[in-house]
Amino acid sequence: MGLNSLRQAAGLCLAGLLCLFSANTVAADAPRPLKLTTTADHSKFKELQREFQSGPDVTKACLSCHTEAAGQIHRTKHWKWEFLNPVSGQTLGKKSVLNNFCISVASNYSACTSCHVGYGWKDASFDFSVEENVDCLVCHDTTGIYKKPPGLAGNPVVKDTELPPGSGKIVKGIDITKVAQKVGKSSRDTCGSCHFFGGGGDGVKHGDLDSSMAAPDKELDVHMDATGLDFTCATCHKTSSHDVAGSRYTPTAMDKEGAHVRGKEDKSNPATCVSCHDNTPHKKDERLNQHATKLACQTCHIPEFARGGVATKMSWDWSKAGERDAEGKQITRKDAKGRIIYESRKGAFELGENVRPEYFWFNGDVNYTLVTDKIDKPDGVTRINWLGGSPTDGKSMIWPVKVFRGSQPYDPENKTLVKPHTAGNDDTGYWKNLVWDKAIETGMKDAGLPFSGKVDFVKTEMFWPITHMVAPKEKALACSECHSKNGRLAGIQGVYIPGRDANPLVDRLGWGIALLSLIGSLGHGLMRFAARRKH
Amino acid sequence: MKITKPLTSIALLALLGASFSASAYDADWKRGRIYYRSVCTSCHVALPVGSINPSAKTMAEWSGYMQADKHAKGKDTVKQYVSKEYRASIKSANKAAEKFADVPDQELLDDIKAFVTKGAKDGEAPASCS
Amino acid sequence: MGERVYIFKGFERFWHWAQAGLIMFMMLTGFEIHGSYANFGFERAVNYHTIAAWTLVGLWVFAIFWHLTTGEWRHYIPTTEKVLVMARYYSSGIFRHEPHPFKPSQLNKHNPLQRLTYLGVLLFISPLIWITGWLYLFHADWLAWGLSSLRLEWVATGHTIGAFLMLAFFVSHIYLVTTGHTATAHIKAMITGWEES
């Protein structure tokens with residue numbers, strides 16, 4: 001130990017102190033970086049400062065502080081996929097209903113439950129009482145990297161994995177530890193990770209929800225405009241106790257409650273337009289408020305859906321599924337824009353962008369044709385769900401709707417719709433084997449339902465009220481869109497629309513009288529003219 | 001040696017700490033996404049270049065691009081198009097520039113970097129623009 | 001010939017032509033709103049129709065005031081005297097170049113058939129159009145006015161009937177303008193105020 005080394009040490013020490021000092025002065029000048037959007041920076045919590053191995057592993061850490069959260073989730077539709085309609089008495093929810101997209105969850109759990117707010121729902125034996133199987137991250141991720149691929153029963157991939165097994169395709173594992181440490185409020189991205197992709201792909205199902213809504217501009221949605229109001233889903237779908245407000249099973253078609261105000265008890269749906277805008281939102285023209293007694297806000301303010309550049313499916317014909325190429329392989333056909341319009345495993349599709357909705361009187365009642373219901377008219381169109389409403393019930397408004405049309409398998413003997421086994425790397429899954437009777441047998445057995453073994457196809461319709469993608473007011477419908485002979489509301493009964501409607505008798509008589517006076521005048525004039533010539 | 005070692009390590013730690021606190025900004029990829037789409041893409045769509053998806057490059061390529069700071073093959077810089085001055089110049093016509101008018105240049109640059117890195121070809125969530 | 005009578009005063013002529021213009025414009029916009037054709041587009045047609053209606057209201061306020069204060073309203077008192085004579089003239093005499101049986105004067109500017117027709121317009125067509133038009137315009141306030149059982153369809157149909165009657169009147173009126181002592185005598189009178197006979 002020489003003098004030199006001592007000097008060195010002292011010098012280093014001084015440098016170090018200087019550094020500390022300078023760092024301190026910087027810190028004193030500018031306040032330390034602070035998050036103002038939350039009171040808790042989860043990355044600083046010691047409970048989260050370790051490597052996580054799986055989803056439930058993270059959830060256990062969450063629940064060590066958020067003790068009630070899982071129990072709250074357990075009470076919701078997001079968890080149970082079950083809903084008892086208090087009006088119709090029907091048992092609904094994803095677990096029970098079927099649709100005319102991928103049809104049904106039964107026997108396809110591992111694929112479908114990639115959108116379940118939980119881990120491990122791979123068959124009907126799933127235990128709904130386990131708290132650590134609640135998936136906190138799917139709603140509270142802020143990194144945008146959390147993903148739950150189909151086939152894993154709602155589990156994310158945390159290590160690089162070959163998926164499906166034996167396919168040679170490697171799905172990269174996500175850094176679940178980073179996701180856990182960065183949790184925050186739900187966002188358009190988190191809700192969208194499922195709701196944008198309903199029906200098996202981007203924008204497929206809803207038409208007014210797709211990935212373009214993650215960061216939309218004002219043209220696409222005035223409220224969620226990322227450079228403007230920047231609403232998240234929860235701004236309207238105001239959530240308490242983890243139970244998200246708003247429902248497709250019991251929507252609010254007409255909101256008479258008016259705007260929600262602090263201090264006033266508001267038990268009505270907070271996700272309606274009226275809950276903020278009240279029932280007389282048009283300040284300049286009282287006539288428009290009058291319109292709003294019959295028309296849902298959405299009717300004028302959402303002129304078209306699927307406006308963000310993502311196409312939505314408009315029809316799905318399962319009866320065309322099953323084609324193979326010369327080598328017996330499944331095929332895919334695309335349209336001029338490169339969008340898939342045929343897949344052997346799914347059938348033929350029609351896609352739409354900037355789609356004009358169809359319009360119906362709607363009072364909030366939604367009824368379903370369940371798998372246990374008999375199909376009345378196998379030759380006609382079976383409505384998988386339908387909207388109640390009439391111009392005279394005092395509860396209905398005219399609503400914009402995406403009508404999704406399809407053709408799907410049914411049992412011509414038992415006269416019921418069926419739940420086929422589609423997804424699954426096994427001997428009966430339709431998507432792999434392209435054989436209907438085996439697929440349906442497996443699916444119906446899983447659902448505990450009878451199947452005759454015969455398969456035919458029935459035309460179906462589903463009704464999806466449109467409520468997102470609210471356009472700027474300048475883009476709201478012009479009067480003539482409805483006030484014309486073949487306008488948007490051409491098929492709407494029970495309301496007199498000037499420009500569309502006229503009493504045909506009055507019109508005939510009216511024009512008749514006008515014409516008669518013209519003929520009379522001309523005749524009289526002609527006679528005068530003739531008389532003058534004679535003289 | 002018994003004295004110097006801890007002293008040296010303290011000094012080193014102090015240095016590390018200083019550099020760490022200087023770059024403690026936690027990049028916001030969502031803000032980067034908005035700027036990328038509303039400012040970068042809105043221009044690129046109009047120009048012959050066309051829009052560029054984050055997934056068009058690898059993370060390393062993006063990192064190199066941001067490091068080199070050469071925009072339009074070196075005619076100008078990337079930083080320039082993220083700067084407060086540039087934002088001020090377009091904010092009357094660009095809502096993203098207006099919204100982020102006062103964000104420090106380096107923060108916004110980090111945000112954009114976070115967005116393209118996350119969405120890169122080999123990133124954690126490869127992203128194509130929509 | 002050569003005898004000139006000053007029949008239509010300045011305000012009266014202004015009233016007539018302003019009203020004529022407004023009514024023609026309102027028929028044009030009105031039948032567009034009705035859906036008979038497309039010209040301005042529904043929204044602008046409604047706005048123009050409304051503006052014209054309010055303008056006509058203003059004009060009428062002045063006209064009613066003028067008629068009452070000047071006593072000119074008396075020209076619309078119906079009379080049965082000479083009605084048949086007039087009817088016979090229009091249906092036969094006019095073809096034989098018989099002289100016009102009615103000589104307008106300052107005290108009696110409308111012939112008996114005109115009196116009847118204008119009174120009909122005034123008592124039947126106008127109220128029908130005005131009342132239904134007013135209700136139409138204030139559709140948003142029906143509930144507040146206690147008119148909850150009134151239906152837009154009835155009001156609109158009534159308004160349309162009024163419009164057709166006005167159209168028929170308009171056509172006949174245009175033609176009858178030519179039936180003065182000369183074909184242009186009436187129109188000249190309405191422009192200059194002087195009727196030659």
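Here is a short, friendly walk through this predicted model of three chains, A, B and C.

1. **Before we start.** Residues are numbered from 1 along each chain as its sequence is written, while chains are lettered from A and ligands numbered from 1 in the order in which they are written. Because this is a predicted model, local features need pLDDT of at least 70 and side-chain atom pairs count only at pLDDT 80 or more, whereas totals for chains, interfaces and linings use all residues.

2. **Chain A, the overall build.** Chain A has 15 helices and 15 strands. Here helices (H or I, at least four residues) and strands (E, at least two) are DSSP runs, numbered from the N terminus. The C-alpha trace of chain A spans about 145 × 70 × 50 Å along its principal axes. Its radius of gyration is 31 Å, against a value near 24 Å for a compact globule of 535 residues; this radius is taken over C-alpha atoms, and the globule rule is 2.2 Å times the number of residues to the power 0.38.

3. **Chain A, inside.** How much of chain A counts as buried? The share is 37% of its 535 residues. A residue is buried if 20 or more other C-beta atoms (placed from the backbone) lie within 10 Å of its own, exposed if 12 or fewer, and partly exposed in between. Among contacts in chain A with a separation of 6 or more, 65% join residues 24 or more positions apart. Two residues are in contact if their C-beta atoms, placed from the backbone, lie within 7 Å.

4. **Two backbone spots in chain A.** Most residues other than glycine have a negative phi, and most peptide bonds are trans. With that in mind, look at Leu163(A) and Pro164(A), whose peptide bond is cis, with omega near -10 degrees. Pro164(A) sits in the loop between β3 (161-162) and β4 (170-171) of chain A. Then find Ile103(A), which is not a glycine but has a positive phi, near 80 degrees. Ile103(A) belongs to the loop between β2 (91-92) and α5 (109-112) of chain A. Ile103(A) counts as buried because it has 26 C-beta neighbours inside 10 Å.

5. **Chain B.** Chain B has six helices and zero strands, and reads α-α-α-α-α-α along the sequence. Buried residues are 29% of its 130 residues. For contacts in chain B with a separation of 6 or more, 66% are between residues 24 or more positions apart. One residue to visit is Ala72(B), with a positive phi of about 50 degrees although it is not a glycine. Ala72(B) lies in the loop between α3 (59-68) and α4 (84-90) of chain B. Is Ala72(B) buried or exposed? Ala72(B) is exposed, because 11 other C-beta atoms lie within 10 Å.

6. **Chain C, the overall build.** Chain C has six helices and two strands, in the order β-α-α-α-α-α-α-β. Its C-alpha trace spans about 60 × 35 × 30 Å along the principal axes. Of the 197 residues in chain C, 19% are buried.

7. **A helix pair in chain C: α1 and α5.** Helix α1 (residues 10-33) and helix α5 (residues 152-176) of chain C pack at about 130 degrees, with axes 11 Å apart. Axes are lines fitted to C-alpha atoms, for helices over the stretch in contact, and angles run from 0 to 180 degrees between N-to-C directions. The angle makes α1(C) oblique to α5(C); under 35 degrees counts as roughly parallel, over 145 as roughly antiparallel, 65 to 115 as roughly perpendicular and the rest as oblique. Ile23(C), Met27(C) and Gly30(C) of α1(C) meet Ala163(C), Met166(C) and Leu167(C) of α5(C).

8. **Another pair: α3 and α4.** In chain C, the axes of helix α3 (residues 83-91) and helix α4 (residues 112-137) come within 8 Å and cross at roughly 100 degrees. The two helices, α3(C) and α4(C), are therefore roughly perpendicular to each other. Val83(C), Met86(C) and Ala87(C) in α3(C) touch Pro112(C), Leu113(C) and Leu116(C) in α4(C).

9. **Where chains meet.** Two pairs of chains touch, and the pair with the most contacts is A and C. That contact takes 28 residues from chain A and 25 residues from chain C. On the chain A side, α15(A) gives the largest share, eleven residues. Chains B and C are not joined by any contact, and their closest C-alpha atoms lie 30 Å apart.
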